[in-house]
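Here are my notes for a colleague who is opening this structure for the first time. Please keep the sequence and the model side by side while going through the numbered points.

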Amino acid sequence: MHILVHPLKGEPFDPKVIQESEKKLGKVLDIYEERLSKAKYLAGDFFSLADLSHLPFTHYWINQVKKEYMLRERKHVSAWWDDISNRPSWKKVLLLYKYPI
């Protein structure tokens with residue numbers, strides 16, 4: 001909320017809350033890194049809703065919030081993101097809604 005919603009609404013945000021939330025997200029990404037070291041996708045070796053559900057928020061996180069480094073620091077998470085975000089269907093969604101690719 002503090003990094004995504006508050007700035008859009010012109011409301012004040014708390015940098016301490018943002019820092020704490022980024023730490024928590026880092027821990028989740030570490031779990032993903034471990035999981036993705038054993039399987040191509042989050043639910044196994046097939047693309048599923050588990051992966052699909054990450055596309056909108058992660059795209060925003062990378063392109064608008066500029067936090068791509070959090071993914072790129074993790075080899076398997078980075079490869080997973082490159083894979084799912086380069087799917088033709090996702091690129092079509094971005095073009096339909098005029099989001100930066």
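1. E68 counts as partly exposed because its relative accessibility is 32%, and in this predicted model the residue forms a salt bridge with R72, with the closest N and O atoms 2.9 Å apart. The partner, R72, has a relative accessibility of 33% and therefore also counts as partly exposed.

2. A second pair to look at is E34 and K38, which form a salt bridge whose closest N and O atoms are 2.6 Å apart. E34, at 43% relative accessibility, counts as partly exposed, whereas K38 reaches 62% and so counts as exposed.

3. The side chains of E73 and R74 also meet in a salt bridge, at 3.4 Å from N to O. E73 is exposed, with a relative accessibility of 55%, while R74 is buried, its relative accessible area being 11%. Through salt bridges that share partners, D30, E73 and R74 are joined into one network. The pairs described in these points are among the eight salt bridges counted in the model.

4. Which side chain of opposite charge is nearest to D51, and how far away is it? It is R87, at 7.6 Å, and D51, although buried, has no salt bridge. Side chains of opposite charge can pair when their charged atoms come close. For a salt bridge the cut-off is 4 Å between a side-chain nitrogen of Lys or Arg and a carboxyl oxygen of Asp or Glu, and the distance of 7.6 Å from D51 to R87 can be read with that in mind.

5. The surroundings of D51 deserve a slower reading. The residue lies in helix α3, which covers residues 49-52, and its side chain makes a polar contact with the side chain of W80 at 2.8 Å. If neighbours within four places in sequence are left aside, D51 is in contact with Y41, L42, F46, W80 and I84. W80 thus appears both as the polar partner of the D51 side chain and in the list of residues that D51 contacts beyond its sequence neighbours.

6. On the surface, V93, L96 and Y97 form a nonpolar patch, and together they have about 320 Å² of accessible area. Is Y97 itself buried or exposed? With a relative accessibility of 58%, Y97 counts as exposed, and its place in the chain is the segment that follows α7, a helix covering 88-96.

7. Turning to the whole chain, the protein has seven helices and zero strands, so that a reader following the sequence from one end to the other meets the pattern α-α-α-α-α-α-α. The C-alpha trace spans about 40 × 35 × 20 Å along its principal axes.

8. Some overall values complete the picture. Of the 101 residues in the protein, 33% are buried, and the protein exposes about 6,900 Å², of which carbon and sulfur atoms supply 61%. Among contacts with a separation of 6 or more, 55% are accounted for by residues 24 or more positions apart.

Notes: Residues numbered from 1 in each chain as written. Predicted model: local features only at pLDDT ≥ 70, side-chain atom pairs only at ≥ 80, totals over all residues. Heavy atoms only, no water. Helix = DSSP H or I, 4+ residues; strand = E, 2+ residues; numbered from the N terminus. Buried < 20%, exposed > 50% of the residue type's maximum accessible area, 1.4 Å probe, protein only. Lys, Arg positive; Asp, Glu negative; His and termini not counted. Polar contact = N/O pair within 3.5 Å; in protein donor to acceptor, adjacent residues only side chain to side chain. Contact = heavy atoms within 4.5 Å. Patch = residues over 30% accessible without salt bridge, like charges linked within 9 Å, V, L, I, M, F, W, Y side chains within 5 Å. Areas by Shrake-Rupley, 256 points an atom, 1.4 Å probe, with all protein chains shown as cover.
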